[in-house]
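Thanks for coming. I will keep this short and go through one structure, starting with the ligand and ending with the backbone.

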Amino acid sequence: MKRRSFLKSAATLAAAPALSSLFNTAAQSTPAIATDPVRFPEGFIWGTATAAYQVEGAVHADGRGPSVWDTFSHTPGKTFHNETADVTDDDFHRYKQDVALMKDLGVQGYRFSIAWPRVFPQGTGTPNPKGLDFYKRLLDELHAANIEPFCTLFHWDLPQALQDKGGWTNPAIAHAFADYAAYTVGQLSDRISHWMTINEFGSYIDAGYGEGVSAPGLRLPRAQVMQARHYAVLGHGLAVQAIRAAAKNPVLVGLAHDAPGAMPAINDPAHIRATEIAFREINAQYLTVLMEGRYTDSYLRELGADAPHFTEEELKIISTPLDFVGINIYTTNEVVPADAPSGYLMVPRPASYPHAASRDWLFFNPQATYWTPKLVSSLWGVKRIYITENGYSSDDVLRPGGSSQAGRVLDSDRILYLRNYLAQLQRGIAEGVPVQGYFLWSLLDNYEWSSGFSKRFGITYVDFKTEKRTPKLSYDFYKEVIRTNSVV
Ligand code: PNW
């Protein structure tokens, strides 16, 4: 329809309060645009996500102990321009402003993480009540704004004192983590009902102990890394039990995991079957063992002498049933069927594959929000899923002074990305995939780990010199998504 005739038909409906409700009125002869299919269910939770080390700053405040990320980022040559998160967004002092931003955005949920070294500066032993006080202030502010907190207990900032004893390669870590979880939940379960144990096992185990690109920056022999993987999932399982035992109010317990994705290159039965096989196998070390209580035969066979040592009892703990599964979704890989032995092939990406500013890993795969939750629910019968992260790094540029929209970021590529990922998410939900909420990564530009401040994921631009926050065009987009509960 031409724009002019559309406007005319809209004008004849002058009594209609808003275009969105106009579109919803089935009896209209025009316009022909149907928006109902892109609507999300009532009660769907829209949120944003952050993590403690990436936004808080104030690394010495109120008795916080050092974490492996303080050590790593202060080691020359480990991060982009040797940048650290000593200050970053200074959310520790500016949390009221950041909650106000979320209130303006209209979110119903906020996913954040608690810094273990604020609560236990030495990792274990005597807790530091002042460290928890920060989170109590934040939670009061969130509740006053009617925003539901979703709390991650571990988003990679391991107390350095525990790393000095081997960190995730020491079996004692699993119990230390469960103890920290129990104490924290005991203190905060009156204010938080959604708990996540751990964020993205692979991003701190494989990247931190195997590849050396994340804290603690080690390159250990494969057998030790495989054993660390096992202690990480064991720590998760023990923490799930500890959270339930310590909670004084009803809680929902899950995790936030970036399940390496798989999607059929072509939607036909052979490709979909190959994708199902691939998804279980490429997640064997983490999500599959959590869901099935066993490592797959091919995982153990391929590792041979480097396979982890474990007991049946540990497998039971690891697979303690969860109330929800949180999935961080950025990228997936196309799968095609292949001859024996595996039955699938992960398609290597052509050099021209569309990507974000994080050129080495963040590729444009909108079908991820359709396939990943669909596979998690169909393979393992998961009844409640949250998209605990989804976001995009853009080469954001501030509009120059004197120009139209001066000082703003018109991040149209981030909107392109979000719109398409959300449309695919809605497609899955419409088919019955039980996704109940979505947390956009991230509310603010923040410290992107070893990439420092060189990669911006926020829908709000942050000037790291002045700490000024400026909503980007994608913020306006997301605000309208939330307001209309649909892809706009
Ligand atoms: C996640 N990959 O990390 C983390 O949970 C966030 O802390 C982080 O800022 C965000 O995504 C953006 O990077 C990932 O290489 C890091 O596939 C790397 C990958 C995936 C997730």
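The ligand sits in the largest pocket. Before I go further: this is a predicted model, so please take every value I quote as computed from its atoms.

Which residues come nearest to the ligand? There are 14 residues around it, and the nearest are Gln54, His155, Glu389, Glu448 and Trp449. For the polar side, I have three distances to ligand oxygen atoms. With Gln54, a side-chain N or O atom is 2.7 Å from an oxygen of the ligand. With His155, the corresponding side-chain distance to a ligand oxygen is 2.9 Å. With Tyr330, a side-chain N or O atom and an oxygen of the ligand are 3.1 Å apart. As for burial, the ligand taken alone exposes 450 Å², and the protein buries 81% of that.

Next, the sheets. How many strands make up the closed barrel? Eight, in the order 1-2-3-4-5-7-10-11, and the pairing is parallel. On average, neighbouring strands of this barrel sheet are turned by 25 degrees against each other, ignoring direction.

One pair in the barrel as an example: strand 7, residues 325-328, and strand 10, residues 385-390, are joined by four bridges in the parallel sense. Within that pair, Ile327 is placed opposite Ile387 of strand 10. Glu389, one of the residues that come nearest to the ligand, has a number inside the 385-390 range of strand 10.

There is also an open sheet, with three strands in the order 6-8-9 and mixed pairing. Why do strand 6 and strand 9 each have one side without a neighbour in the sheet? Strand 6 (261-264) and strand 9 (344-346) stand at the edges and have a single partner strand each, so one side of each is left free of a neighbour in the sheet. The average turn between neighbouring strands in this open sheet is 40 degrees, direction ignored. Strand 8, residues 332-337, pairs with strand 9 in the antiparallel sense, over three bridges. In that pairing, Val336 has Leu345 of strand 9 as its bridge partner.

Last, the backbone, where I have three places to list.

The first item is a cis peptide bond between Ala215 and Pro216, with omega about 5 degrees. Pro216 is in the loop that connects helix 11 (206-210) to helix 12 (222-246).

Next, Trp441 and Ser442 are also joined by a cis peptide bond, and omega there is about 15 degrees. Where does Ser442 lie? Ser442 is in the loop between strand 11 (435-441) and strand 12 (460-463).

The remaining item is Asp90, a residue other than glycine with a positive phi, near 55 degrees. Asp90 belongs to the loop between helix 4 (68-73) and helix 5 (91-105).

That is what I have for today.

Technical notes. Residues numbered from 1 in each chain as written. Predicted model: local features only at pLDDT ≥ 70, side-chain atom pairs only at ≥ 80, totals over all residues. Heavy atoms only, no water. Pairing = 2+ DSSP bridges. Helix = DSSP H or I, 4+ residues; strand = E, 2+ residues; numbered from the N terminus. Axes fitted to C-alpha atoms, helices over the stretch in contact; angles between N-to-C directions. Near = heavy atom within 4 Å. Polar contact = N/O pair within 3.5 Å; in protein donor to acceptor, adjacent residues only side chain to side chain. Areas by Shrake-Rupley, 256 points an atom, 1.4 Å probe, with all protein chains shown as cover. 1 Å grid on protein atoms, 1.4 Å probe; cavity = no way out; pocket = protein on both sides within 12 Å on 5 of 7 lines; lining within 4 Å. Sits in = over half its atoms within 2 Å of the grid points.
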